[in-house]
Amino acid sequence: MNTSETPTLLLQKVRPYGEGDPVDVLVRGGLIAAIGPDAGTDAPADAEIHDLDGAVLLPGFVDLHTHLREPGREDTETIATGSAAAALGGYTAVFAMANTQPPQDNQTVTDSVWRIGREVGLCDVHPVGAVTLGLKGEQLTEMGQMADGAAKVRVFSDDGMCVYDPLVMRRALEYSAGLGVLIAQHAEEPRLTKGAVAHEGPTAARLGLTGWPRSAEESIVARDAILARDAGARVHICHASTTGTVELLRWAKDQGISITAEVTPHHLLLDDSRLESYDGVYRVNPPLRETHDTLALREALVSGVIDCVATDHAPHAAQDKCCEFAAARPGMLGLETALPIVAALLVETGDMTWRDLARVMSVRPAEIAGLSDQGRPISVGEPANLAVVDPDSSWTVIGEDLASLSANTPYEGMTFAARVVGTVYQGRMTSRDGKVIA
Ligand SMILES: NC(=O)N[C@@H](CC(=O)O)C(=O)O
Ligand SMILES: [Zn+2]
Ligand SMILES: [Zn+2]
């Protein structure tokens, strides 16, 4: 980063972590230079001034689980449009999953995604490397080469597919422990989910949809916890969706196993009653579960049994969503709506403070991925990667207006109180009042 080109910003009247009286924050050379009522006195005459009217200031969000669809499906999202969605959502770093076409299973592809992300320049784009060639679950990739490349890949996942073979997963964990990288598992035992399109339960039975049992997820979570223990490796569970997964995570952490987990905003908010409409927008992997699962997931996030929120932002073309439920592609948009949902479910209810929200959306994901310049405290000398949140904006979601190239949001027409009104990435404003600043 060329700090001489970065402007000086003065963020006026912000409340770090939503605590105390509003203060001013001076950002210079990509770093936080001063915080306090007089922070602006040092500001040069050409400083960019933003009056933020008492908004909450948080560390910029870090998404461990994003699908950017480039290379291969640039009709549904590109690194540029996904980065724009990230900037609007308050994100300053995203991890781009490997299930692109071709997949990110070698250094040429991971370095190319990294380089394009840098050129776009709206947030850090960290390519996730595949665990197995072609995400087929058979042969391990050259994780070491991807880790040594320009992208310095530190997170590996076959997400979209499960590394289902226990021997392959065992070897992947052993290899990853030696390299000091992280394996993120899409926990789905494929023998239990053949043809599955919905959560296995009363709703799917009534609607005539093939069910995906909780055991398909939980059996892999339990297995991988034990494999990680014996390999002396870390393992991360993608999109935890069931009450049983929460119990297994609690058990594994109590044993001292190095296991971490994420939950998506949609699994926190929505349950399978949505499927009554047969609207393909609600099809997602793992499927929307039952009310008690959503409550267990919320509690686990509050208590720390689940470490963080990840969006699993999964753009899809209209023709792949607006069709018969069982034919719809699984996945939903997430980057631009994550903060409003987590705030509504956990901060506005009093279950979490804004500082707790910063922990689950920024601090913990940065730690899990080993990022040193993200998820940092809001204090002088720290890198200026920040999100500004208006807690009372009353924002209504309209899919067509989102920056994402796709519009498959399950929150169409919903109104949320909190909204991201500004994002600062490497000392530069990347979004302000719902507009991307290129
Ligand atoms: N979550 C989904 O339903 N879909 C994801 C893949 C995945 O995260 O498993 C996608 O790539 O579309
Ligand atoms: Zn997945
Ligand atoms: Zn995913």
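So, the binding site. UniProt, in an unreviewed entry, places the feature "binding site" at His67, Leu68, Arg69, Asn99, Asn285, His316, Pro330 and Gly331. Please keep in mind, as I go along, that what we have here is a predicted model.

Let's put that record beside the ligand. Which residues surround ligand 1? Going round, we find His67, Asn99, Asp159, Gly160, His186, Val284, Asn285, Asp312, Ala314, Pro330 and Gly331. For those of you thinking about the chemistry of this shell, its residues divide into 3 nonpolar, 6 polar and 2 charged. His67 is one of the residues around the ligand, and His67 is also among the positions that UniProt lists. Gly331 is likewise part of the shell and of the UniProt feature.

Let me take those two in turn, beginning with His67. Where does His67 sit? You will find His67 in the loop between strand S5, residues 61-66, and helix H1, residues 79-88. Is His67 buried or exposed? Buried, because His67 has 27 C-beta neighbours inside 10 Å, and the cut-off for calling a residue buried is 20 or more. If we set aside residues up to four places away in sequence, His67 touches Met97, Asn99, His313, Ala314 and Pro315. Two of these names may ring a bell: Asn99 and Ala314 also belong to the shell of ligand 1.

Now Gly331. This residue lies in the loop between strand S14, residues 308-309, and helix H10, residues 338-347. Gly331 counts as buried because 23 other C-beta atoms lie within 10 Å. Leaving out neighbours within four places in sequence, Gly331 is in contact with Val284, Ala314 and His316. So Ala314 turns up in the contacts of His67 and again in those of Gly331.

A quick word on H1, the helix at the end of the His67 loop. How many of the residues of H1 are buried? The count is 10 of 10, so the helix is mostly covered. If you scan along H1, the buried residues include Ile79, Thr81, Ser83 and Leu88. Just after the helix, Gly90 takes a positive phi of about 90 degrees.

Let's zoom out to the domains. The domain assignment gives domain 1 as 3-57 plus 381-436, and domain 2 as 60-369. Taken over C-alpha atoms, the centres of domain 1 and domain 2 are separated by 27 Å. How many residues meet across the boundary? On the domain 1 side there are 31, in contact with 38 residues of domain 2. On that side of domain 1, strands S15 (386-390), S18 (419-425) and S19 (428-432) each supply at least two residues. S18 gives the most, with 5 residues. By class, the side of domain 1 that touches domain 2 has 20 nonpolar, 10 polar and 1 charged residues.

Those three strands bring us to a sheet. This one is an open sheet of 8 strands with mixed pairing, in the order S3-S2-S1-S4-S15-S18-S19-S20. Strand S3, 31-36, and strand S20, 435-436, stand at the edges; each has a single partner strand, so one side of each is left without a neighbour in the sheet.

Let's walk across part of the sheet. S1, residues 9-16, and S2, residues 23-28, pair in the antiparallel sense over 4 bridges, with Val14 opposite Val23 in S2. There are 6 residues between the strands of this hairpin, where Tyr17 takes a positive phi near 55 degrees. S1 is largely enclosed by the rest of the structure, because 6 of its 8 residues are buried.

On to S4, residues 48-59. S1 and S4 run parallel, joined by 7 bridges, and Pro16 stands opposite Leu57 in S4. S4 and S15 run antiparallel, with 4 bridges between them, and here Leu58 faces Ala387 in S15.

Finally, S15 and S18 are antiparallel, joined by 5 bridges. Val388 stands opposite Gly422, while Val389 stands opposite Val420. Why is S15 described as largely enclosed? Because 4 of the 5 residues of S15 are buried.

That's my tour, and I'm happy to go back to any part of it.

Terms used:
Residues numbered from 1 in each chain as written. Chains lettered and ligands numbered in written order. Predicted model: local features only at pLDDT ≥ 70, side-chain atom pairs only at ≥ 80, totals over all residues. Near = placed C-beta within 6 Å. Nonpolar A, V, L, I, M, F, W, Y, C, P; charged D, E, K, R; others polar. Domains from an automatic or database assignment. Contact = placed C-beta atoms within 7 Å. UniProt positions renumbered as here; feature names shortened; annotations may be inferred. Buried ≥ 20, exposed ≤ 12 C-beta atoms within 10 Å, placed from the backbone. Pairing = 2+ DSSP bridges.
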